Structure formats: structure tokens, C-alpha cells
Amino acid sequence: MPDATTSPNPDASAPNPHLAAYAARGLKGRIFSGVQPTGNLHLGNYLGAIRNFARLQNDYDCIYCVVDQHAITLWQDPKELSAQTREIASAFLAAGVDGSKHIIFNQSMVPGHAQLAWVFNCVARMGWMSRMTQFKEKAGKDRENVSLGLFAYPALMAADILLYKATHVPVGEDQKQHLELTRDIAIKFNNDFAVPDFFPVTEPLIFGATTRVMSLRDGTKKMSKSDPSDYSRINLTDDADAIAQKIRRAKTDPLPMPETLEDAEKRPDADNLLGIYAALADQEKEAVVAAFAGKQFSEFKAALTELAVAKLGPIGAEMQRLMKDPGHVDGILRNGAERARALAAPILDEVYRTVGFLKP
Ligand code: TYM
């Protein structure tokens, strides 16, 4: 397995052939990212990923996908899956992604994802897949009983990205290992079929004050859609009262607010809330620590509530408005899928030719 921790490009100064065409258009490359429509879209999804989607759209050519095929690796109620697909698309739009300049679509509308995933299932090695920590976490003790799709999931994720030869992928910290696998699959495909540089070695874009937002009930655990306690997360559709109540009940320690960054880092619950504040206020965490040093948590929580309501309220309201107009959202998804299919078709054709599949 190639060592994904070192630079994929042995000569970092060599021109990357995948970026030249974008550079000519004044862009840095092509972005692909995805979010699963599995309900409870939360602050972690927003700060780790969706907010960055909007921030990157002036510099990159962007493709944002509601990954419904990933969602069914765990059973989903079909009616809810459709509603949640529209909810994620609404979140992309409400966060400011421009669906006319960039592509917003749902994965199952573009068959190339599943087609390329099969090829990658045959490129990826069992050993690589077995090391995926997210699979281990999701499967838990029930490994014999989870779907085959859950195990193969990272190969589909690699296909999502490489079907468009995306050069950059904005995600939260938890997806880092999957992106390393994507790089390994790209490198192995290029080597196995002697097509150097065919697939780009994709760069993760993991940035912002909080690349890993933690649970409000336990600062050592990731904020997650699947946490049974709704008090563990702020959902993007929560109203001001719900946000206030969740922040008020957020776990803290008995001490006053940390005096220094180092002190904060030793106190996971405080550190998480400070990180959330810094991200929402677009400030460095150090500045936030300094502003609240030695104060009571109650004072900090009141300020955090005000900030969170001011920043998230308009997004939640816009999502609610869009979700009441499913026809409009479906139109954006259909239009995006048509453009995505057009981008994917020549790349998949080339993959099929490379592998030796005869054309129909
Ligand atoms: P998903 O749906 O679990 O999460 C969507 C995005 O939100 C980020 N995220 C977080 N960031 C910070 N703190 C958190 N607590 C937190 N929780 C979630 C995730 O890192 C992600 O960026 N496998 C992906 C979906 C996917 C994908 C792709 C992403 C499928 N194909 C291709 C990028 C490219 C997932 O399950 O994300």
C-alpha cells in the first residue's frame, strides 16, 4: 500500500497536470464533497464541511452531492430518505452555495458513481478496507450482521470523487482516513493500468477553527447525527429556544473559564465550546480564550447562545423555507445531475476503455 502520509507527488515542484486547465480559468482546481441524507444535520456538518463549501466556490469549480447511496448502507425509511435528501440540498443552498454556477445533485441520479465504485471494489484491497476506523465504529460488535455496502462504502466514496477527477475535497477531520484511501486507490489504478496521472491524487481541505466539533454532552466524543441524545448536538433546523436550551445544558467543568489555550486544551468540554464560538465568530480560538478568561461559564454560554442564534437562525429559516418548496429543490437536483452526468461520462468511458471493457 502506498504510504499515504508522505507527499503523493515525489517531485512536489512538478506541474500537476490536473490543475493546469483550471489555472487557465483562474481557478485552483475542482472540488467534490458529499453529505449523507441520514437526518439531524448538525453544527459539526456545518462548521466542518457545509460552511466551507460556500466559502470555496469563488476559487474552485465545485460539485456538491447528497450521497443517498451511502445513506442506505444502514437501513433508511424510504419516505424519510427522500425528505432528508431535500433537506441536505436545502442546507447547501441556505449556506450560500450557488446551484446555478456550481453543481448540487443527489448521487443516485448519476449511475457513474456505482459503476466506478465496482471497478474500485476490484482495485482496493481487503486489508486497506479492514483498517477503516469508521467501519469498525459503525459495525461495532455486530460485524457479521452489517451490510456489505457498509464495508465497501469507502470505495464508493473514492468513486464519487474520482468520477469527476476532483482535485480537492473539503471535509471534517473524521473523513481524513477515507481520503487517504481515495489517494491509494487512485495511485493503484494509475499504476495497475499504466496510466500515470490518469486519476489525480486528491488533496483534502480540512480547515476552520473546528474541524472536529464534539458532542455537547461529552467533549471527548464527536458530535454525530446518530447520537441518541438530541442534547448532544445543535441541529441546523433548531430554533432559537432549542439552541439556547442545548447550550445551557452543555456539559462543562466546575472551574471558571480557561485562562490560556493550553489550559483550554486540557479541558475537552470547555475547549469544544470555545472552538465553536471561535468558528462561528470567525476568530482565532486564542482570542476567544482571552476574551472570556476566568469568567463564569454562564456568562460565556449566554454570549455563545446569542452568537449561535444570530449565525444559524437565518440558515435554519432558509432551509425551512426551501423544504416547503420541494419542486424547486428537485429542479436544482435534476439540473445538477444532468451537468454531473455530462462531466462524468467521458471519464467513465476512459476508465472502461482502460480496463478493457467492450463498448455496447
Ligand atoms: P457525513 O455525512 O457523515 O458528514 C458530512 C460532512 O460533515 C463533516 N462532519 C463533521 N465535521 C466536524 N465535526 C463533526 N462533528 C462532524 N461530523 C461530520 C464530515 O467530515 C463531512 O465532511 N463519507 C462522508 C460523505 C461522503 C463524501 C464523499 C465526502 C461520501 N462521498 C466524497 C467527501 C467526498 C460522510 O459520511 O459524511
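This is a short chat about reading the ligand site, the pocket and the cavities of a predicted model.

Reader: Where do I start? How many residues surround the ligand, and which are the closest?

Author: Start by listing the neighbours. Here 27 residues surround the ligand, and the closest are Gln36, Tyr153, Asp160, Asp174 and Val213. Next, sort them by class: the shell around the ligand has eleven nonpolar, eleven polar and five charged residues.

Reader: Okay, and which residues have an N or O atom close to a ligand N or O atom?

Author: For that, look at pairs of N or O atoms within 3.5 Å. Take aspartate 174: one of its polar side-chain atoms lies 2.4 Å from an oxygen atom of the ligand. Lysine 225 also uses its side chain, with an N or O atom 2.9 Å from a ligand oxygen. Methionine 223 does it through the backbone, where an N or O atom lies 3.0 Å from a nitrogen atom of the ligand.

Reader: How much of the ligand's accessible area does the protein cover?

Author: On its own, the ligand has 710 Å² of accessible area, and the protein covers 97% of that.

Reader: Which elements give two or more residues to the shell around the ligand?

Author: Those are strand E1 (30-35), helix H2 (43-55) and helix H8 (148-162). Try colouring them in your viewer.

Reader: Now the empty spaces. What does rolling a probe over the atoms show?

Author: A probe the size of a water molecule, rolled over the atoms, shows where empty space is left. In this model, the ligand sits in the largest pocket, which holds about 1,200 Å³ of space.

Reader: How many residues line the largest pocket, and which lie nearest its centre?

Author: The lining has 41 residues, with Gln134, Lys138, Asp174, Gln175 and Lys222 nearest the centre. You've met Asp174 already, as one of the closest residues to the ligand. By class, the pocket lining has 14 nonpolar, 18 polar and nine charged residues. At least two lining residues come from each of E1, H2, helix H3 (68-71), helix H7 (133-139) and H8.

Reader: What about cavities? How many of 30 Å³ or more does the structure hold?

Author: A cavity is a space where the probe fits but can't get out. This structure holds two of 30 Å³ or more. The largest cavity has a volume of about 60 Å³. Its lining is made of Met132, Gln134, Phe135, Lys138, Leu150, Tyr153, Pro154 and His178. H7 and H8 each supply at least two of these residues, and by class there are five nonpolar, two polar and one charged.

Reader: And which residues line the second largest cavity?

Author: Ser215, Leu216, Ala250, Lys251, Asp269, Asn272 and Leu273 do. That cavity has about 30 Å³ of space, and its lining counts three nonpolar, two polar and two charged residues.

Reader: One last thing: what should I look for at the start of helix H1 and after it?

Author: Look at the side chain at the start, then at the backbone after the end. At the start of H1 (residues 17-24), a side-chain oxygen of asparagine 16 comes within 2.8 Å of the backbone nitrogen of histidine 18. H1 is followed by glycine 26, with a positive phi near 75°.

Technical notes: Residues are numbered from 1 along each chain as its sequence is written. This is a predicted model: local features need pLDDT of at least 70, side-chain atom pairs count only at pLDDT 80 or more; totals for chains, interfaces and linings use all residues. Side-chain values use heavy atoms; hydrogens and water are left out. A residue is near a molecule or strand if one of its heavy atoms lies within 4 Å of it. A polar contact is a pair of N or O atoms within 3.5 Å; within protein, one must be able to donate a hydrogen and the other to accept it, and residues adjacent in sequence count only if both atoms are side-chain atoms. Accessible areas come from the Shrake-Rupley method with a 1.4 Å probe; for residues, only the protein chains shown count as cover. On a 1 Å grid over the protein atoms alone, a cavity is a set of points where a 1.4 Å probe fits but cannot get out, and a pocket is an open set with protein on both sides within 12 Å along at least five of seven lines; lining residues have an atom within 4 Å of a point. A molecule sits in a cavity or pocket if more than half of its atoms lie within 2 Å of its grid points. Helices (H or I, at least four residues) and strands (E, at least two) are DSSP runs, numbered from the N terminus. Ala, Val, Leu, Ile, Met, Phe, Trp, Tyr, Cys and Pro count as nonpolar, Asp, Glu, Lys and Arg as charged, and the others, Gly among them, as polar. Grid points are joined across faces, edges and corners, and a volume is the space filled by probe spheres set on the points.
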